Amino acid sequence: QVQFMESGGGLVQPGGSLRLSCAASGILVASSTMGWYRQAPGKQRDLVATVTRIGTTNYANSVKGRFTISRDNAKNTVYLQMNSLKPEDTAVYYCHSLSNDFWGQGTQVTVSS
C-alpha cells in the first residue's frame, strides 16, 4: 500500500522559508519521477517542481530561484525547500509519484503578514 506523509506546511510571513517533506512508504522515491504540485482556492492544481530518477529537476517559472526540490533515497523522502515566500505561494501543496500517479493528502502553506 502506497502512502505519502507530507509535513512542513504552516503560516509564514512574506520573505520567509519553509521546508516540505514527503515521506513515502510502499514505493521507492528513487524509482519514480517525484513532484510537488500546489492548488490555491478556486484554482487548478499546478506543477511546482519535479525530480526524475536520475536527479534532473524541473521548476515552474514562478518558483525558479526560490524553491529547491531534493530527494533522500536513504530516508525515502522528497523535500521542497521554499525560500523568499510570497503571498501568491499560498496553497495546498501535494506530493506526487509519476510512476503510479499517486497523490499525498496535501499540506497547507499560507504566506501572510
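How many bridges join β7 to strand β8, and in which direction do the two run? I put this question to a predicted model.

**Entry 1: the sheet**

I found six bridges between β7 and β8 (residues 77-82), and the two strands run antiparallel. I then looked up one bridge partner: S70 is matched with Y79 in β8.

I next placed this pair in its surroundings. The strands belong to an open sheet of four, ordered β1-β3-β8-β7, with antiparallel pairing. β1 (3-7) and β7 (67-72) stand at the edges with a single partner strand each, so one side of each has no neighbour in the sheet. I noted an average turn of 15° between neighbouring strands of this sheet, direction ignored.

**Entry 2: the disulfide**

I searched the whole structure for disulfides and recorded one. It is formed by C22 and C95, with 2.1 Å between their sulfur atoms. C22 lies in strand β3 (residues 18-25) and C95 in strand β9 (residues 91-97); the pair links distant parts of the chain, 73 residues apart. The torsion about the S-S bond of C22 and C95 is about -85°, so I entered the disulfide as left-handed. Are C22 and C95 buried or exposed? I found both C22 and C95 buried.

**Entry 3: the largest pocket**

I looked up the largest pocket and noted about 190 Å³ of space in it. Its lining consists of 14 residues, and R38, A40, K43, D46 and E88 lie nearest the centre. By class, I listed five nonpolar, four polar and five charged residues in this lining. β4 (34-39) and β5 (45-51) each contribute at least two residues to the lining of the largest pocket.

Note on methods
Residues are numbered from 1 along each chain as its sequence is written. This is a predicted model: local features need pLDDT of at least 70, side-chain atom pairs count only at pLDDT 80 or more; totals for chains, interfaces and linings use all residues. Side-chain values use heavy atoms; hydrogens and water are left out. On a 1 Å grid over the protein atoms alone, a cavity is a set of points where a 1.4 Å probe fits but cannot get out, and a pocket is an open set with protein on both sides within 12 Å along at least five of seven lines; lining residues have an atom within 4 Å of a point. Grid points are joined across faces, edges and corners, and a volume is the space filled by probe spheres set on the points. Ala, Val, Leu, Ile, Met, Phe, Trp, Tyr, Cys and Pro count as nonpolar, Asp, Glu, Lys and Arg as charged, and the others, Gly among them, as polar. A disulfide is a pair of cysteine sulfur atoms within 2.5 Å. Buried means under 20% relative accessible area, exposed over 50%, partly exposed in between (1.4 Å probe, protein chains only). Two strands pair if DSSP finds at least two bridges between them. Axes are lines fitted to C-alpha atoms, for helices over the stretch in contact, and angles run from 0 to 180 degrees between N-to-C directions.
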